[in-house]
Amino acid sequence: MPDVIILGSGPAGISAALYTARAGLSTLILASGAGALEKTDKIENYYGFAEPVSGRQLLENGIAQAGRLGVCIVREEAVGLSFDGEFEVATKENSYRAPFAVMATGASRKAPKIPGLAEFEGKGVSYCAVCDGFFYRKKPVVVLGAGDYALHEAAELLPLASSVTILTDGREPQAVFPAGMTVNSQKVAALTGGGTLGGVRFEDGSELETAGLFVAVGVAGSADLARKIGAEVKGVSVVVDEKMRTNVPGLYAAGDCTGGLLQISKAVCDGALAGTDVIKEFRARKKS
């Protein structure tokens with residue numbers, strides 16, 4: 001079991017890993033793929049480069065640097081996070097446990113612009129199957145998404161709900177959904193209901209009755225995972241203090257997922273702050 005799990009291999013995640021690894025902590029990075037930085041052609045405002053550097057090259061340099069220091073980097077997508085005194089990160093293939101975790105997966109995607117989605121938040125619309133699935137026992141629910149994250153959320157709901165329908169919102173399914181889950185690929189036009197969610201209306205005018213809609217679009221970002229264990233989230237950003245601590249002991253967030261200045265320099269600083277505080281807390285626990 002590693003001492004710390006870091007979600008994300010961008011500047012914030014790698015920066016945190018450099019500090020924890022050099023301090024002797026067993027460090028595991030889980031990363032599902034490159035973020036927005038890889039698409040940046042020229043970076044001219046980052047310290048130490050006389051000539052412009054591409055985002056891809058900067059990422060590759062950081063990953064190689066972390067590897068040289070013994071950081072284990074596993075290319076798996078995080079789809080779940082739980083906390084029982086230690087953190088357990090679920091991926092499609094495995095699960096990993098550690099006493100400390102750092103979320104550094106970049107800025108969260110905005111929720112789809114579907115009329116009614118914001119209005120029904122907390123009134124039928126949820127972002128966490130583990131948190132809220134209990135409230136929909138023996139009721140029909142839908143999961144908005146098309147990939148492995150949606151599959152994970154649907155699997156959590158299947159033993160509880162009377163039915164689980166995957167809404168891909170016009171996209172092709174990117175995961176293999178098992179028996180018991182209906183896949184509907186129609187484009188969603190709006191959510192309907194009175195005081196609480198009652199159904200989904202599609203662009204062709206047809207409607208599907210549902211008591212709950214769980215948003216699981218794309219991959220699980222830091223804010224999505226934070227919600228699952230009660231970490232404070234404001235909008236799409238994880239709330240942290242000056243040491244990058246969340247309100248959950250041992251859980252940190254760094255980089256774009258915390259909002260503010262969306263720049264590499266800030267991400268690297270956030271990662272350093274998170275990494276150094278993890279070291280401090282890890283050693284304090286060892287002494288006690």
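How many salt bridges does the rule find across the interface of domain 1 and domain 2? It finds 2. The points below set that interface in context; the model is a predicted one.

1. Domains. The protein is divided into two parts: domain 1 covers 4-109 + 220-286, and domain 2 covers 125-215. Taken over C-alpha atoms, the centres of domain 1 and domain 2 are 30 Å apart. Domain 1 puts 9 residues into the contact and domain 2 puts in 7 residues.

2. Area of the interface. About 780 Å² is buried between domain 1 and domain 2, and 61% of it lies on carbon and sulfur atoms. On the side of domain 1, the residues that lose the most area to domain 2 are V79, R227 and K228, which together account for 57% of what that side buries.

3. Polar links. One salt bridge joins the side chains of K228 and E153, with 3.1 Å from N to O. K228 is also among the three residues of domain 1 that lose the most area to domain 2. Between domain 1 and domain 2 the count of residue pairs in polar contact is 3, with both residues at pLDDT 80 or more.

4. Elements on the domain 1 side. Two elements, strand 4 (78-83) and helix 5 (222-228), each supply at least two residues of the side that touches domain 2. Helix 5 gives the most to that side, with 3 residues.

5. The antiparallel sheet. Strand 4 belongs to an open sheet of 3 strands in the order 4-5-6, with antiparallel pairing. Strand 4 and strand 6 (95-98) are at the edges; each has a single partner strand, so one side of each is left without a neighbour in the sheet. From one strand to the next, the twist averages 20°.

6. Strands 4 and 5 in detail. Strand 4 is joined to strand 5 (residues 87-91) by 5 bridges, and the two run antiparallel. A78 stands opposite T91 in strand 5, and helix 4 (residues 148-157) packs on this sheet, touching strand 4 and strand 5. The direction of helix 4 makes about 45° with that of strand 4. Further along strand 4, G80 has A90 of strand 5 as its bridge partner. The hairpin of strand 4 and strand 5 has 3 residues between the strands, and there G85 takes a positive phi near 105°.

7. The parallel sheet. A second open sheet has 5 strands in the order 3-2-1-7-18, and its pairing is parallel. Which strands stand at its edges? They are strand 3 (72-74) and strand 18 (251-253); each has a single partner strand, so one side of each is left without a neighbour in the sheet. The twist in this sheet averages 20° from one strand to the next.

8. Strands 1 and 2, and the helices on the parallel sheet. Strand 1 (residues 4-7) pairs with strand 2 (residues 27-30) in the parallel sense over 4 bridges. V4 stands opposite T27 in strand 2. Helix 1 (residues 11-22) packs on the sheet and touches strand 1 and strand 2; its direction makes about 165° with that of strand 2. Helix 6 (residues 264-287) also packs on the sheet, where it touches strand 1, strand 7 (100-103) and strand 18. The direction of helix 6 makes about 170° with that of strand 7.

Note on methods:
Residues are numbered from 1 along each chain as its sequence is written. This is a predicted model: local features need pLDDT of at least 70, side-chain atom pairs count only at pLDDT 80 or more; totals for chains, interfaces and linings use all residues. Side-chain values use heavy atoms; hydrogens and water are left out. Two strands pair if DSSP finds at least two bridges between them. Axes are lines fitted to C-alpha atoms, for helices over the stretch in contact, and angles run from 0 to 180 degrees between N-to-C directions. Contact means heavy atoms within 4.5 Å. Domain bounds come from an automatic or database domain assignment. Buried area is the accessible area (1.4 Å probe) that two parts lose on being put together, summed over both. A salt bridge is a side-chain nitrogen of Lys or Arg within 4 Å of a carboxyl oxygen of Asp or Glu. A polar contact is a pair of N or O atoms within 3.5 Å; within protein, one must be able to donate a hydrogen and the other to accept it, and residues adjacent in sequence count only if both atoms are side-chain atoms.
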